[in-house]
Amino acid sequence: MTSDTAPPGRQEPLRADASLYPDLASAGSFAGALETVAAELGLSLGRILVDGSDPYRSAGVENTVADRDVCWISLGSVDRWFFFSGWSRGVQLVSGATQDLGEMARALEAWRNGLRLKEIREVSPFVEVTELAEAHEKGPAEAVAVKWRLLLEDLRQESERLELARRTLKVAELAHAEPQLRRLLPLTSHWSLHFSTCTGFPYSWDVPFIDPMSDERYRVCGPSRGTVIGETETAEHAITLVIAGLPANCGPAVAGTAGDQQLF
């Protein structure tokens with residue numbers, strides 16, 4: 001099932017087995033170990049943030065690039081692993097795991113100094129960069145186009161075994177054919193088709209969405225979750241209701257989050 005509920009908020013990491021990380025114990029903290037290995041490799045990580053509740057649990061590296069968030073690194077609790085993910089404007093652009101703290105330090109320096117995703121991968125091959133992440137790096141229009149393609153491909157695969165997926169695919173294909181909807185970021189949740197006017201999480205809730213019903217009809221709701229605009233017999237009529245309910249001056253999806261939009 002296609003899903004887009006992946007909040008970028010930092011989660012509290014599990015406490016790791018101290019025997020797996022003698023380098024952290026020797027340095028006195030996770031931050032201290034990062035500082036030591038960075039100095040040995042001639043890297044600059046700037047001021048390293050610490051977890052106030054446990055100096056051995058996680059560490060964070062601030063960025064020199066305004067649009068990139070603080071990158072937090074956590075530990076594996078069963079085996080020795082260092083995990084990280086890099087977010088920018090509500091989108092995860094990089095992620096990865098390595099057992100080598102030096103490799104992690106190289107990736108962190110590349111991320112914090114604003115290297116492009118391809119360049120980060122060249123510096124640190126363990127870093128994972130998705131096609132959609134690369135599209136976001138090119139701009140919101142490219143991210144929307146790639147997201148539409150990936151969503152339709154996913155729904156076509158799921159439609160071969162699930163009826164609700166087949167019906168969501170039908171409205172998604174019709175929506176993609178409409179220029180006003182094709183320029184918005186498509187999202188699905190429990191087979192409902194949503195549209196966002198921003199490309200980062202949290203997404204916007206200012207556009208009606210379509211919910212396939214079990215009796216072959218479609219319910220159009222929005223912009224709030226509990227507001228029903230109407231129920232239709234056909235996917236085509238559902239699309240018409242969504243277009244009629246678009247907010248004024250509903251332009252192409254922009255980079256950022258719903259919270260960013262509220263600032264303007």
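Me: Let me start with the vocabulary: buried means under 20% relative accessible area, exposed means over 50%, and partly exposed is anything in between. With that in hand, which class does Arg219 fall into?

Reply: This is a predicted model, so keep that in mind as we go. Arg219 comes out at 24% relative accessibility, which means that it counts as partly exposed. As for its place in the fold, Arg219 belongs to strand S9, residues 218–221.

Me: And which residues does Arg219 touch, leaving out those up to four places away in sequence?

Reply: Arg219 touches Phe209, Ile210, Asp211, Met213, Val228, Gly230 and Glu231. Look at Glu231 in that list: its side chain makes a polar contact with the side chain of Arg219, at 3.2 Å.

Me: How should I read a charged pair like that?

Reply: The general idea is that side chains of opposite charge can pair when their charged atoms come close. Here, Glu231 and Arg219 form a salt bridge, with the closest N and O atoms 3.2 Å apart. Glu231 sits in strand S10 (residues 228–232) and Arg219 in strand S9, so the bridge ties together parts that are twelve residues apart in sequence. Glu231, at 36% relative accessibility, is partly exposed too. The pair isn't on its own either: salt bridges with shared partners join Asp211, Asp215, Arg217, Arg219 and Glu231 into one network.

Me: How many salt bridges does the structure hold?

Reply: The count is 14. One of them joins the side chains of Arg57 and Asp54, at 3.8 Å from N to O. Arg57 counts as buried at 18% relative accessibility, and Asp54 is buried at 6%.

Me: What about salt bridges inside a helix?

Reply: The trick is to count along the helix. An α-helix has 3.6 residues a turn, so residues three or four places apart point the same way. Take Glu153 and Arg149, whose side chains meet in a salt bridge at 3.3 Å, N to O. They are four residues apart in helix H6 (residues 140–158), so about one helical turn separates them. Glu153 is partly exposed at 36%, and Arg149 is partly exposed at 35%.

Me: Can I sanity-check a helix by its length? What span should the 14 residues of helix H7 have at 1.5 Å a residue?

Reply: For H7, residues 163–176, the expected span is 20 Å, and the end C-alpha atoms are 20 Å apart, so the two agree. The buried residues of H7 are Ala165, Arg167, Thr168, Leu169, Val171, Ala172 and Ala175. Arg167 is worth a click: its charged end sits over the ring of Tyr218, 4.5 Å from the centre. Arg68 does something along those lines, lying over the face of Trp111 at 4.2 Å from the ring centre.

Me: Now the rings. How do I describe a pair of them?

Reply: You describe a pair of aromatic rings by the distance of the centres and the angle of the planes. There are six aromatic pairs here. Phe30 and Phe82 have ring centres 5.9 Å apart and planes at 45°, so that pair is tilted. Phe30 is in helix H2 (residues 30–41) and Phe82 in strand S4 (residues 82–88), so this pair links parts 52 residues apart. Phe30 and Phe82 are both buried. Another tilted pair is Trp148 and Phe195, with centres 6.4 Å apart and planes at 40°. Trp148 lies in helix H6 and Phe195 in strand S7 (residues 192–196), so parts 47 residues apart in sequence are tied together.

Me: Which residues do ring pairs link into a cluster?

Reply: Tyr21, Phe30 and Phe82.

Notes. Residues numbered from 1 in each chain as written. Predicted model: local features only at pLDDT ≥ 70, side-chain atom pairs only at ≥ 80, totals over all residues. Heavy atoms only, no water. Helix = DSSP H or I, 4+ residues; strand = E, 2+ residues; numbered from the N terminus. Expected span 1.5 Å × (residues − 1). Buried < 20%, exposed > 50% of the residue type's maximum accessible area, 1.4 Å probe, protein only. Contact = heavy atoms within 4.5 Å. Polar contact = N/O pair within 3.5 Å; in protein donor to acceptor, adjacent residues only side chain to side chain. Salt bridge = Lys/Arg side-chain N within 4 Å of Asp/Glu carboxyl O. Phe/Tyr/Trp six-rings, centres within 6.5 Å; stacked < 30°, edge-to-face > 60°. Lys NZ or Arg CZ within 6 Å of the ring centre and 35° of its normal.
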